[in-house]
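Hi,

Here is the structure I promised to pass on. Have a look at it first, and then read on for what turned up.

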Amino acid sequence: MRLGVTHRWNVSVAEARKIQDGLRSQWVGEDRFGKIRTVAGLDAAFVLTGSQAFQSGPNRWLALREANRAVAAVVVYKYPEMEEVERACAVVRLHFPYVPGFLSFREIPALLAALRKLRTEPDLIFCDGQGYAHPRRMGLATHLGIVLDRPTIGCAKSILIGNHGPLGQEHGEWAPLVDGAETIGAALRTRFAVKPVYISQGNKVSLAAAVRLSLSVCDGRRIPRPTRDADHYVSEMKRELLKCK
């Protein structure tokens, strides 16, 4: 899969912040996609043998040398039938510590490695994480969408930033997720009376389209199928990896 933007991933937190700020100018918050024939769900997990929390000085690099790895999974479907087409996974060494707001620097290298294994290039990607609903408007789905120059949607299980008003109990009800005066996403009810998921634009998708497309890949469960299946797949791969240790 060809990249639209390239940059280094093994960087300091200060450099990562500069990269996020620089990518903001390339974000597209409106619909820039044609007919969607395939969609994909992405997720990542971590195999950690030591602390990945950010520490200053040499302790940070000591933690990184402890063979910590990221496991990424992608599942592709024919759309709108939602018939699985293929799946792929990848395992890569972690080169960035855990720092709130910079998750994309930990996950995306592994996600790109999994995406490169695909025979099918998905027209739309659902990410298990935030997109525009991020303190610097550069969550995982947005960062990945800009790097790939491809439509992406963030589908998170919890709120990172922002708040929303009352939300109806019926399937399909949604309320704007706001940060100050700006709408940054949506709290979406995907099943009657269950806790909502939090949808935000990744790249090249409007918020209205992100909500509509997320509902179109729901199958009666709280979590939309693409990210749910990717989560299950990456958990399987992580268990297999741990067995081999």
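Helix H3, residues 104-115, is mostly covered, with eleven of its twelve residues buried in this predicted model. Among the buried ones are Phe105, Arg106, Glu107, Ile108 and Leu115. What do the buried residues of H3 pack against? Their partners are two helices, H1 (13-23) and H4 (140-148), plus the strands S1 (38-47), S2 (69-78), S3 (83-93) and S4 (124-127).

Several of those strands turn up again in the sheet. It is an open one of eight strands with mixed pairing, and the order runs S3-S2-S1-S4-S5-S8-S7-S6. S3 and S6 (174-179) are the edge strands, each pairing on one side only. From one strand to the next, the twist averages 25°. H4 packs on this sheet, where it touches S1, S4, S5 and S8, and its direction makes about 25° with that of S8. As for S4 and S5, they pair in the parallel sense over three bridges, and Cys127 stands opposite Gly154 of S5.

Now the residue I'd look at most closely: Arg189, in the loop between S7 (182-188) and S8 (197-203). Which side chain of opposite charge is nearest to this buried arginine? That would be Glu173, but at 7.9 Å away, and Arg189 has no salt bridge. Since a salt bridge would need a side-chain nitrogen within 4 Å of a carboxyl oxygen, the pair does not qualify. What Arg189 does have is a polar side-chain atom 3.1 Å from the backbone oxygen of Leu167. Leaving aside neighbours within four places in sequence, Arg189 is in contact with residues including Gly168, Gln169, Glu170, His171, Val194, Pro196 and Leu215.

A few backbone oddities to check while you have the model open:

- Tyr79 and Pro80 are joined by a cis peptide bond, with omega about 10°. Pro80 sits in the loop between S2 and S3.
- Arg137, in the loop between S4 and H4, has a positive phi of about 60° although it is not a glycine. Its relative accessibility is 7%, so it counts as buried.
- Asp149 also has a positive phi, near 55°, and is likewise a residue other than glycine. You'll find Asp149 in the loop between H4 and S5 (152-156). At 45% relative accessibility, Asp149 counts as partly exposed.

Shout if anything looks odd on your side.

Cheers

Methods. Residues are numbered from 1 along each chain as its sequence is written. This is a predicted model: local features need pLDDT of at least 70, side-chain atom pairs count only at pLDDT 80 or more; totals for chains, interfaces and linings use all residues. Side-chain values use heavy atoms; hydrogens and water are left out. Helices (H or I, at least four residues) and strands (E, at least two) are DSSP runs, numbered from the N terminus. Buried means under 20% relative accessible area, exposed over 50%, partly exposed in between (1.4 Å probe, protein chains only). Lys and Arg count as positive and Asp and Glu as negative; His and the chain ends are not counted. A polar contact is a pair of N or O atoms within 3.5 Å; within protein, one must be able to donate a hydrogen and the other to accept it, and residues adjacent in sequence count only if both atoms are side-chain atoms. Contact means heavy atoms within 4.5 Å. Two strands pair if DSSP finds at least two bridges between them. Axes are lines fitted to C-alpha atoms, for helices over the stretch in contact, and angles run from 0 to 180 degrees between N-to-C directions.
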